[in-house]
Amino acid sequence: MNPRREPRGGRSALFDGIEEGGIRAASSSSYTSHEINEHENERALEGLQDRVILLKRLSGDINEEVDAHNRMLDRMGNDMDSSRGILSGTMDRFKTVFETKSSRRMLTLVASFVGLFLVIYYLTR
């Protein structure tokens, strides 16, 4: 027998058992746990993708709602500005009426407004 061959044969016989039994079994079990971790990661990734899609939709809806409210507030601000213009014009007219007319005419004007208000109030009641 060849002395060189025997150590190789003995070594290969010795390592064949370890490779098949120990290392291969260990690598296959770690590969299985690696596959399990891979599947868990994929499921977690899919869950995160679903959450990101949901958050994207929610942020889009919030953006649309904010834009709608901003448009409504702008319209309301414009309406208030126009109302302020109308009221300031009315107040200017009252000032000119009160400044130029006599106190008797002013009293008659105020009394007629109060009387008209009372008549409308009793008619609507």
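# Briefing: two helices, one salt bridge, two surface patches

Aspartate 81 and arginine 84 lie three residues apart in helix H1, so about one helical turn separates them. These two residues form a salt bridge, with their closest N and O atoms 3.3 Å apart. The model is predicted. Its protein chain has two helices and zero strands, and 0% of its 125 residues are buried.

**Overall chain**

- Helix H1 covers residues 5-100, and helix H2 covers residues 103-124.
- About 11,600 Å² of the protein chain is exposed, and carbon and sulfur atoms supply 60% of that area.

**Salt bridge in helix H1**

- The structure holds one salt bridge, and its partners are aspartate 81 and arginine 84.
- Aspartate 81 has a relative accessibility of 45%, so it counts as partly exposed.
- Arginine 84 has a relative accessible area of 56% and is therefore exposed, as the cut-off for that class is over 50%.

**Negative patch**

- Glu35, Glu38, Glu42, Glu46 and Asp50 form a negative patch on the surface.
- Aspartate 50, one of these residues, belongs to helix H1.
- The relative accessible area of aspartate 50 is 53%, so this residue is classed as exposed.
- Patch members must have over 30% relative accessible area and no salt bridge; aspartate 50, at 53%, is above that area limit.

**Nonpolar patch**

- A nonpolar surface patch of about 680 Å² is built from Met106, Val110, Val114, Phe117, Leu118, Tyr121 and Tyr122.
- Leucine 118, one of the patch residues, sits in helix H2.
- With a relative accessible area of 40%, leucine 118 is partly exposed.

**Annotated segment**

- UniProt, in an unreviewed entry, places the feature "transmembrane region" at residues 106-124.
- In the model, residues 106-124 are 100% helix and 0% strand.
- The C-alpha atoms at the two ends of this segment are 27 Å apart.
- The nonpolar patch residues, including Met106 and Tyr122, carry numbers that fall in the annotated range of 106-124.

Methods. Residues are numbered from 1 along each chain as its sequence is written. This is a predicted model: local features need pLDDT of at least 70, side-chain atom pairs count only at pLDDT 80 or more; totals for chains, interfaces and linings use all residues. Side-chain values use heavy atoms; hydrogens and water are left out. Patches are made of residues with over 30% relative accessible area and no salt bridge: like charges are joined within 9 Å, nonpolar side chains (Val, Leu, Ile, Met, Phe, Trp, Tyr) within 5 Å. Accessible areas come from the Shrake-Rupley method with a 1.4 Å probe; for residues, only the protein chains shown count as cover. A salt bridge is a side-chain nitrogen of Lys or Arg within 4 Å of a carboxyl oxygen of Asp or Glu. Lys and Arg count as positive and Asp and Glu as negative; His and the chain ends are not counted. The place of a charge is taken as NZ of Lys, CZ of Arg, CG of Asp or CD of Glu. Helices (H or I, at least four residues) and strands (E, at least two) are DSSP runs, numbered from the N terminus. Buried means under 20% relative accessible area, exposed over 50%, partly exposed in between (1.4 Å probe, protein chains only). UniProt positions are given in the numbering used here, feature names are shortened, and annotations may be inferred rather than shown by experiment.
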